[in-house]
Amino acid sequence: MRNKNVSIRGALVRDMIHDIMETSLGKPIQTGEFRKNPVEPAWVCPSGYEYEIIDREPFKMEYLKPEGVVTGRVVLQLHGGGYIGPMKNIYRKFSVRYSRLSYGGDYRVAPEHPYPAALEDVIHAYQWLIKEKHYRPGQVVVAGDSAGGGLALALCLFLRDHGMPQPAGLVLMSPWADLTCSGDSY
């Protein structure tokens, strides 16, 4: 049953996604095969930056920082990708632009790792910044688009519900906050 209050643009996007899932792309997306073989060149860290891959079971994180710069602030960037797409080079480029100090987590994605895996990874990444890198919550800004924006919101709700300190702010770009795709504004 379709919601009569959905905008024309929303209906078109919903129908487009439905059509893609009904084509030959549908099965590779649903099984995770589409994500396992991304076609993009290896990322090259720009000169003047320190780049570190942190392998924390059960997921990996990336820490990017300008050489010799200490600002006392950090951006925790959460990539988009509909909860099925991995970290891509475009998000690494965003990290360079977001701030003089950025950090990104490549959280676990579906179908291999359904909810709450991604949220658990983001909570772990936030706590890692505070405990291991010694940032205060007021020095952390969480940024995310699409699924990453939804995760940023979910992180803040988790922190609130558990009486934990909130980050200084959020940067959200088209956050996917209605996973049921049923809200009137969807």
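Trainee: How many bridges join strand β1 to β2, and how do the two strands run?

Mentor: In this predicted model, β1 covers residues 49-56 and passes into β2 through a hairpin of 2 residues. One of the pairings places Tyr51 opposite Leu64, its bridge partner in β2. The strands run antiparallel, and the number of bridges joining them is 8.

Trainee: Why is β2 described as largely enclosed by the rest of the structure?

Mentor: The strand spans residues 59-66 and supplies at least two residues of the largest nonpolar core. Buried here means under 20% relative accessible area. β2 is largely enclosed because, of its 8 residues, the number buried is 7.

Trainee: Which element gives the largest share of the largest nonpolar core?

Mentor: That core has 26 residues, and Leu76, Tyr107, Leu129, Val140 and Leu151 are those with the most contacts inside it. At least two residues each come from β2, β3 (74-78), α5 (117-131), β5 (140-145) and α6 (147-161). In α5, the buried residues include Ala118, Leu119, Val122 and Leu129. The largest share, 8 residues, comes from α5.

Trainee: What does α5 reach from its first C-alpha to its last?

Mentor: The helix has 15 residues, for which 21 Å is expected at 1.5 Å a residue. The model is close to that expectation, with a reach of 21 Å.

Trainee: Which residues is Leu151 in contact with, leaving aside its neighbours within four places in sequence?

Mentor: Leu151 is among the residues with the most contacts inside the largest nonpolar core, and α6, at 147-161, is one of the elements supplying that core. With those sequence neighbours left aside, the contacts of Leu151 are Leu78, Tyr83, Tyr107, Ala118, Leu119 and Val122.

Terms used. Residues numbered from 1 in each chain as written. Predicted model: local features only at pLDDT ≥ 70, side-chain atom pairs only at ≥ 80, totals over all residues. Heavy atoms only, no water. Core = buried A, V, L, I, M, F, W, Y, C linked by side-chain atoms within 4.5 Å. Buried < 20%, exposed > 50% of the residue type's maximum accessible area, 1.4 Å probe, protein only. Helix = DSSP H or I, 4+ residues; strand = E, 2+ residues; numbered from the N terminus. Contact = heavy atoms within 4.5 Å. Expected span 1.5 Å × (residues − 1). Pairing = 2+ DSSP bridges.
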